[in-house]
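Dear colleague,

I am passing on the structure we spoke about, and below it I set out what came up when I went through it. Please read the notes with the model open beside you.

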Amino acid sequence: MAGAITPVASPALTHCRLLRDHYGQDIAIVFIGPCAAKKTEADQNPDLLDIAVTFSELDEWLAVEGIKPVLFNPGPDDAFVPRASGEGALYPVEGGMVETMVHYGCPPSVRNQAISGLGRLQMALTGLAPADVGPGLFLEGLACRGGCINGPCSSQAPGPVDGYVSVREYATIGPAGARPGLTVPLRFEPLAAPKPEWSEKDILEARSRVGKVRPEDELNCSACGYDSCRSLARALLSGDAEESMCASYMRSIAQRKANALLRCMPSGVVIVGSDLRIIESNLPFAAIAGKEAAARFPDNPGLQGEAVEDILPIGKFLRAALRSGEDIRRERLKIADRLISLNVFIIERHKIVGAIVDDITQVEMRRDQIARKAREVINRNITTVQEIACRLGEHMADTEILLSSIAEGFGDGDADGDPVPDPDAEPDSRSGTAPAGGRHRHGDGGTQS
């Protein structure tokens with residue numbers, strides 16, 4: 001059967017070769033898509049493809065970097081380079097390759113058939129020998145049922161009709177006739193494919209690894225690329241599949257993680273849809289909402305399905321966020337006799353929003369008490385300063401009076417206002433008398449007062 005496989009590389013590797021021929025070898029090429037198998041293809045062909053990233057990984061990467069592609073509006077000059085995919089856009093849907101081949105001149109003698117899904121391919125190829133088919137049969141085989149648009153690593157699996165119609169509307173089919181293209185030769189060698197027989201116990205244990213414990217847990221949705229959950233279990237046992245390929249299992253893990261975070265958060269958290277009905281909430285939110293909501297919480301964990309406005313009157317803020325697509329923050333919001341802080345954040349634009357609610361009544365009361373105590377201390381300090389200033393003023397007045405009286409006592413006159421005699425002054429020759437209060441000598445050397 002390996003010799004019957006078309007000896008050319010996949011469209012992804014062919015695209016890589018086209019880009020390197022156009023831009024040179026000194027470039028890095030990243031494949032982004034819903035296909036987990038492209039990671040193996042990148043590992044096996046590093047000369048062509050540097051790395052493969054799934055849509056789910058891209059979503060996580062953009063979230064970490066804070067990039068929101070929905071906010072970017074492409075301009076008239078924005079386009080894929082070196083050119084758009086054209087009819088290549090049909091490849092992700094079942095039958096797209098066959099349709100393109102027929103349009104561009106597939107010989108009428110060649111019969112075409114498209115089969116998607118590993119189970120269907122296995123059923124179609126089991127017991128088939130190329131010699132029994134005859135010449136001129138081209139079989140388009142896709143591992144994922146319905147085509148690549150239903151790949152296991154798609155972040156949002158489209159509906160079976162919606163997806164096909166959208167792809168076909170996007171594709172651009174050129175004029176009929178032969179079209180030159182690029183071919184990357186690749187020959188496939190036959191590989192031994194032993195089929196180990198797994199016991200029922202082994203299969204049940206493998207199913208439980210992806211959350212399929214009871215028969216009703218088996219969805220058989222084929223999102224993993226296998227026809228049934230049991231087929232996925234066998235692939236897990238043989239090492240051909242990973243738990244992350246099960247969309248329902250990964251969704252349940254994400255839900256459990258979200259629920260665990262909600263339970264552990266001390267703040268109240270509520271998530272609502274566009275109809276303002278609660279999708280999920282935690283116990284602190286119910287406690288903030290009131291005793292009645294907290295009492296209903298055990299019977300209806302998360303208060304799922306209840307109108308948020310009936311629980312806590314914050315509906316107008318949630319509605320505004322849903323309408324605008326922007327986050328809303330209110331630091332002090334008065335509801336009845338309480339104060340709350342409210343942070344509304346976007347989960348899915350115009351569809352789902354969440355809110356973090358904190359009761360800050362006690363905090364604000366303590367803050368008011370602290371502010372009141374501070375004002376009291378300030379007022380007491382002002383009063384004290386005023387008293388000190390008054391006392392300093394009185395003391396300064398008394399000091400000024402005392403110093404003035406001392407200064408007058410040491411002035412130019414005595415108590416009667418008479419001049420103070422100068423002990424070094426000479427006698428007045430005109431009067432022959434010494435200054436009053438002084439002494440003078442007589443010729444006989446006696447003294448007289």
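Asp 50 is partly exposed, since its relative accessible area is 40%, whereas Arg 20, at a relative accessible area of 4%, is buried. Please bear in mind throughout that this is a predicted model. The side chains of these two residues, Asp 50 and Arg 20, meet in a salt bridge with an N to O distance of 2.9 Å. Because Asp 50 sits in the loop between helix 2 (37-44) and strand 2 (51-54) while Arg 20 belongs to helix 1 (residues 11-23), the pair ties together parts that are 30 residues apart in sequence.

A search of the whole structure finds 15 salt bridges, and a few others deserve a mention here. Glu 243 pairs with Arg 209, the closest N and O atoms being 2.9 Å apart; Glu 243 lies in the loop between helix 9 and helix 10 (247-264) and Arg 209 in the loop between helix 8 and helix 9, so this salt bridge ties together parts that are 34 residues apart in sequence. Both count as partly exposed, Glu 243 at 27% relative accessibility and Arg 209 at 34%. Arg 296 and Glu 306 also meet through their side chains in a salt bridge, at 2.7 Å from N to O, and this pair links helix 12 (residues 291-296), which holds Arg 296, to the loop between helix 12 and helix 13, where Glu 306 is found. Arg 214, Glu 216 and Asp 217 are joined into one network by salt bridges that share partners.

Turning to helix 9 (residues 229-238), the buried residues there are Cys 229, Leu 232, Ala 233, Ala 235 and Leu 236. They lie on the same side of helix 9, because the arc they cover around the axis is only 165°. Helix 8 (200-208) is included in what covers them, and helix 9 is followed by Gly 239, whose phi is positive, near 85°.

As for the interior, the largest nonpolar core has 28 residues, and those with the most contacts inside it are Phe 285, Val 308, Ile 314, Leu 318 and Val 344. Among the elements that give two or more residues to this core are helix 11 (283-289), helix 14 (315-324) and strand 8 (338-348). Leaving aside residues up to four places away in sequence, Val 344 touches, among others, Phe 317, Leu 318, Ala 321 and Val 353. Apart from this core lies another, of 11 residues, including Leu 236, Met 245, Tyr 249 and Ile 253.

With best regards

Definitions and conventions:
Residues are numbered from 1 along each chain as its sequence is written. This is a predicted model: local features need pLDDT of at least 70, side-chain atom pairs count only at pLDDT 80 or more; totals for chains, interfaces and linings use all residues. Side-chain values use heavy atoms; hydrogens and water are left out. Buried means under 20% relative accessible area, exposed over 50%, partly exposed in between (1.4 Å probe, protein chains only). Helices (H or I, at least four residues) and strands (E, at least two) are DSSP runs, numbered from the N terminus. The arc is that of the directions from the helix axis to the C-beta atoms. Contact means heavy atoms within 4.5 Å. A nonpolar core is a set of buried Ala, Val, Leu, Ile, Met, Phe, Trp, Tyr and Cys residues joined through side-chain atoms within 4.5 Å. A salt bridge is a side-chain nitrogen of Lys or Arg within 4 Å of a carboxyl oxygen of Asp or Glu.
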